[in-house]
Amino acid sequence: VSCLMPGGLAGEPKATGREPSKPLRGPDCVYVPTPYDVVEQMLDLGAIRKTDVVFDLGCGDGRVVVQAARKRGCRGVGFEIVPELVEAARQNAHRNDVDHLVEIRQADLFQVDFQEATLVPMYLLPGMIVKLKPKLAELRPGTRIVAHDYSIEGIKPDKVVTMTSKETNVEHILYVYTVPLREDKSEDP
């Protein structure tokens, strides 16, 4: 949930067997970590439960899926294109002893199948969200999406929450959606 630095600890992250056979293209944006109190609010707004499967598209250091697994005991899959961030995310899962619940895949988020997801927290730029919109709309009914700072264009959120991070003193807007997504008719002329 971070598109806009890695920290690492000792320990060998497990290989997933899903590493790309050829180099992936470069990232679509720079990594800006979501403050932990914002991550917590996103998980709360997503009504996360132990049976959820959290998919973080552009997971950066893996903080969202690690926090979901550590505090809620659910499974998580993070997708990241930058090899150094993939490594940092795997080490984060290992350091927090949730690598049995968390899988970090080096992958292009536009090429992955995330139909298994039941909760999709995301911090992506508007153009990236527009590109992902068809895939988000195809998620299983009841899947929750929590978008950080950027809404899904043309889609009516179930809820909008504004909060100020106690860590950074920066205001954040969180948009909550439930699949099936509802068109926002108020944007029509």
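**Exercise 1. Work out how strand 4, helix 4 and strand 5 are put together.**

Strand 4 (119-122), helix 4 (126-137) and strand 5 (144-148) form a right-handed β-α-β unit. Right-handed here means that, with the strands pointing away from you, the path from the first strand over the helix to the second runs clockwise. Helices (H or I, at least four residues) and strands (E, at least two) are DSSP runs, numbered from the N terminus. A quick note on the source: this is a predicted model, where local features need pLDDT of at least 70 and side-chain atom pairs count only at pLDDT 80 or more, while totals for chains, interfaces and linings use all residues. Residues are numbered from 1 along each chain as its sequence is written, and side-chain values use heavy atoms, with hydrogens and water left out.

Step 1: check the pairing. Strand 4 and strand 5 run parallel, with four bridges; two strands pair if DSSP finds at least two bridges between them. Methionine 122 has alanine 147 of strand 5 as its bridge partner.

Step 2: look at the two faces. In a regular strand the side chains alternate between the two faces of the sheet. In strand 4, Leu119 and Pro121 sit on one side, Val120 and Met122 on the other, and all are buried. Buried means under 20% relative accessible area, exposed over 50%, partly exposed in between (1.4 Å probe, protein chains only).

**Exercise 2. Find which residues of the largest nonpolar core touch the most other members, and which elements feed this core.**

Step 1: pin down the term. A nonpolar core is a set of buried Ala, Val, Leu, Ile, Met, Phe, Trp, Tyr and Cys residues joined through side-chain atoms within 4.5 Å.

Step 2: pick the hubs. The largest such core has 28 residues, and Leu136 and Ile145 touch the most other members. At least two residues each come from strand 1 (53-57), strand 2 (75-80), strand 4, helix 4, strand 5 and strand 8 (171-178). Helix 4 gives the most, four residues.

Step 3: list the contacts (heavy atoms within 4.5 Å) of one hub. Outside its neighbours within four places in sequence, leucine 136 meets Phe114, Val120, Met122, Ile145, Ile152, Val179 and Leu181.

**Exercise 3. Decide whether serine 165 is buried or exposed, and say what its side chain reaches.**

Step 1: place it. Serine 165 is in the loop between strand 7 (159-164) and strand 8.

Step 2: apply the cut-off. Serine 165 counts as buried because its relative accessible area is 1%.

Step 3: look around. Its side chain reaches the backbone nitrogen of glutamate 167 at 3.1 Å. Not counting residues up to four places away in sequence, serine 165 touches Pro35, Asp37, Val38, Val170 and His172.

**Exercise 4. Describe helix 3, then compare glutamate 87 with arginine 105.**

Step 1: check the length. Helix 3 (residues 83-95) has 13 residues and spans 18 Å from first C-alpha to last, close to the 18 Å expected; the expected span is 1.5 Å times one less than the number of residues.

Step 2: see what it packs on. The buried residues of helix 3 pack against helix 2 (63-72), strand 2 and strand 3 (102-106).

Step 3: take glutamate 87, which lies in helix 3. Glutamate 87 is partly exposed because its relative accessibility is 33%. Its side chain makes a 2.9 Å polar contact with the side chain of glutamine 91. A polar contact is a pair of N or O atoms within 3.5 Å; within protein, one must be able to donate a hydrogen and the other to accept it, and residues adjacent in sequence count only if both atoms are side-chain atoms.

Step 4: turn to arginine 105, found in strand 3. At 13% relative accessibility, arginine 105 is buried, and a 2.9 Å polar contact links its side chain to that of glutamate 103.

Note on methods. Contact = heavy atoms within 4.5 Å.
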